[in-house]
Amino acid sequence: MGIIFHEESQVFQLQTKNTTYAIGIVDRGYLGHIYYGKKIEGDHIKYLLRTEENPKTPCINQREKNSFLDQFPMEYPEHGMGDYRESALCVRSEEGHLASESLYKEHWIQKGKPALEGLPASFGTEEECETLCIICEDSVLHMKVKLYYTVFYHQDVITRNVIVENQGERPFYLEKVLSASLDMDDQNFQLLSLHGSWARERHIQVVPIGYGRQNIASFRGESSHQEHPFIALVTNGTSQDFGEVYSMNFVYSGNFKAQVEKDQFDMIRMTMGIHPDGFSWKLETGEHFIAPEVVLVYSDEGLGKMTRIYHDFYRNHLIRSPYKDKKRPILINNWEATYFDFDEKKLLSIAKEAKELGIEMLVMDDGWFGKRSSDDSSLGDWVVNEEKLKGGLQPLVEQVNALGLQFGIWFEPEMISPDSNLFREHPDWAIQIPNREITQSRAQYVLDLSRKEVVDYVYEAVASILRSANIAYVKWDMNRQLTTIGSVKLPADRQGELYHRYMLGVYELQERLITEFPELLLENCSGGGARFDAGMLYYSPQIWCSDDTDAVERLLIQEGTALVYPISCIGAHVSVCPNHTVGRNTLFETRGNVALCGTFGYELDITKLTKEEKDIVKQQVADYHNYNEIIRSGDYYRLVSYSENKYYDSFMIVNKEKTKALLFDIQVLARPNRRSRKLRLKGLDEQKTYRMNGQSYTGSTLMNAGILIPAEQGDFKSRVLLFEGE
Ligand code: GLA
């Protein structure tokens with residue numbers, strides 16, 4: 001199907017429906033990256049490696065091996081032998097030397113895709129994908145480097161990951177193991193990335209690429225609010241519909257580095273993997289290290305096509321939850337309604353009113369455990385606070401269920417408050433460097449999840465609460481970044497493993513949780529959207545996108561998030577005004593329309609709404625039920641972006657059959673003396689006729705000529721229009 005090895009030319013050709021990825025073996029076993037891009041046929045492509053040009057290859061021209069290594073397009077570059085560009089692999093021997101040279105030994109090709117032990121990764125059946133494993137060997141260290149490529153033919157996706165094995169008799173240390181590296185000639189590329197901060201996550205940034213190295217990274221122990229494990233190289237002028245895009249997305253939630261380097265020969269090296277800062281992994285004889293997966297998507301039809309490829313791929317080959325294809329219950333979360341100040345009476349009053357208006361689940365947020373009435377204490381003490389919830393959790397859940405609502409609960413399992421019984425009993429369970437003050441953040445420390453006993457404790461703490469009552473949903477939060485990195489248990493030469501072992505602990509916890517509670521709806525969260533990444537999607541079908549629930553701020557946050565991740569996983573709620581983060585007043589309708597483009601729910605004191613607002617809630621609930629199928633499973637098309645024009649934001653979601661389409665249009669700011677705005681739609685069938693508000697239009701009219709959106713008075717106006725085709 002997708003992978004061919006041309007014996008004679010020694011070329012691996014990986015074919016998806018519309019793309020080709022090619023690797024060639026030269027000389028004594030160097031792997032060269034020949035090509036990635038639009039599909040090509042035939043294997044007469046090895047000339048692209050330029051080995052006929054000086055300095056040729058080491059076998060022919062041993063005296064200039066250094067020049068060869070410094071310009072050959074390496075498939076998986078290593079440190080220390082003469083390639084001075086960014087390396088993907090850097091190994092330190094027991095004697096302290098930093099060098100390796102792994103040459104091709106053998107390969108295998110298999111249908112399907114092996115799972116990555118302990119790590120999140122995409123999956124596919126034997127009919128859906130095929131895997132190539134190229135095995136290289138360093139003869140001095142006796143190290144095997146296995147390069148994995150899985151081709152998802154119909155999805156136009158190639159995934160990569162790497163496993164390094166020690167087959168020698170002495171240990172060595174991995175100082176850097178990136179997951180993917182891509183060498184190519186510069187085509188006047190620009191670098192697209194997602195940047196942000198708390199309450200302002202994943203804004204799109206496009207910058208020119210100059211000579212040298214430019215990287216996007218996190219060493220905060222999580223993928224982070226600030227930078228994001230996704231980069232794309234785009235040709236100049238790339239838009240939603242035109243231009244070439246080479247993108248990489250990391251299926252990992254911890255430290256990462258994504259980099260583009262432009263060298264002296266105008267070659268580009270694009271790399272992605274675990275951040276080497278603070279990383280060092282000891283491999284004893286017989287041990288192996290698995291570097292997480294990178295998802296590669298190439299599009300020759302602009303960003304829109306790339307987006308739709310990622311959305312389909314993640315919906316079908318990464319998210320596993322039984323909810324992935326199901327409408328999620330409309331939830332109401334009490335955080336912005338009450339913060340820490342609630343009891344069972346208050347929660348029940350919210351639940352009662354919510355039920356009246358058609359809401360389906362009550363989520364009890366932070367503050368229900370230990371003696372927590374502010375964020376100063378109790379993380380780790382996962383015992384119900386009976387002062388707040390008289391009679392405990394079960395009676396509350398029963399009453400909520402009796403009202404006809406499901407019940408959900410908040411945890412922050414990875415944390416420990418200095419003021420907690422857990423810390424008083426186990427001060428060594430916090431991540432710390434002996435004799436140094438542990439840096440606090442939100443008055444909390446981070447648990448050392450590299451330790452089995454800590455993982456087991458945390459698991460039991462969460463699971464026993466879930467076993468104690470009928471809990472349908474968990475919001476798994478993580479509200480601080482890692483500092484003062486040290487584990488009391490790890491030996492000195494393994495301290496560099498802590499960041500990654502921590503992530504393995506988090507993944508193990510969530511895997512155990514969804515195994516014991518397969519029907520649980522899990523929503524990840526991290527101070528808003530600091531861990532909104534492909535890694536977490538493997539465990540939870542939705543992730544809280546941002547603590548900023550203002551409808552206007554959300555436009556940019558959700559646009560950047562939806563560039564890569566499906567709308568079905570974007571946690572979005574309607575909250576009160578003035579908005580708690582930015583103090584802005586927006587229309588209730590608009591807050592609903594923006595939240596509809598996500599999981600949809602409420603986060604406000606519903607008992608305090610006016611009669612008019614309650615009527616709007618009923619309408620929004622009805623819209624959710626009418627539209628969610630299209631929103632959850634449809635194709636996303638961006639028409640215009642508020643980030644570019646400052647006034648309007650418009651996008652569409654079209655079902656796969658192209659028989660139903662939703663247009664979301666938000667007039668962020670009104671402009672004086674304007675006529676209506678002509679908007680050309682996308683993604684429809686030109687041959688079909690569509691009805692909207694009693695009028696009929698042909699698909700070709702809507703897409704080529706457009707519709708007229710009236711100019712309205714007032715800011716923050718919005719509309720959702722349904723087009724039904726026949
Ligand atoms: C984080 C989350 C919020 C809320 C609080 C509770 O900030 O993002 O939604 O759960 O924690 O402390």
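1. Start with the shell around the ligand in this predicted model. By residue class, the shell divides into 6 charged, 4 nonpolar and 3 polar residues.

2. Which residues come nearest to the ligand? Of the 13 around the ligand, these are Asp365, Asp366, Lys475, Gly528 and Asp547.

3. Now the polar contacts. Asp547 has a side-chain N or O atom 2.5 Å from an oxygen atom of the ligand. For Asn479, the distance from a side-chain N or O atom to a ligand oxygen is 3.0 Å. Trp410 also joins in, with a polar side-chain atom 3.1 Å from an oxygen atom of the ligand. As for cover, the ligand on its own has 310 Å² of accessible area, and the protein covers 96% of that.

4. On to helix α10, which takes in residues 551–562. Its geometry checks out: 12 residues at 1.5 Å a residue should span 16 Å, and the end C-alpha atoms sit 15 Å apart, so the two agree.

5. Is α10 mostly covered or mostly open? Mostly covered: 12 of its 12 residues are buried, that is, under 20% relative accessible area. The buried set includes charged side chains such as Glu553, Arg554 and Glu559, along with Leu555, Leu556 and Ile557.

6. One last detail, at the start of α10: Asp550 has a side-chain oxygen that reaches to within 3.2 Å of the backbone nitrogen of Val552. Val552 itself is among the buried residues of the helix.

How values were computed. Residues numbered from 1 in each chain as written. Predicted model: local features only at pLDDT ≥ 70, side-chain atom pairs only at ≥ 80, totals over all residues. Heavy atoms only, no water. Near = heavy atom within 4 Å. Polar contact = N/O pair within 3.5 Å; in protein donor to acceptor, adjacent residues only side chain to side chain. Areas by Shrake-Rupley, 256 points an atom, 1.4 Å probe, with all protein chains shown as cover. Helix = DSSP H or I, 4+ residues; strand = E, 2+ residues; numbered from the N terminus. Expected span 1.5 Å × (residues − 1). Buried < 20%, exposed > 50% of the residue type's maximum accessible area, 1.4 Å probe, protein only.
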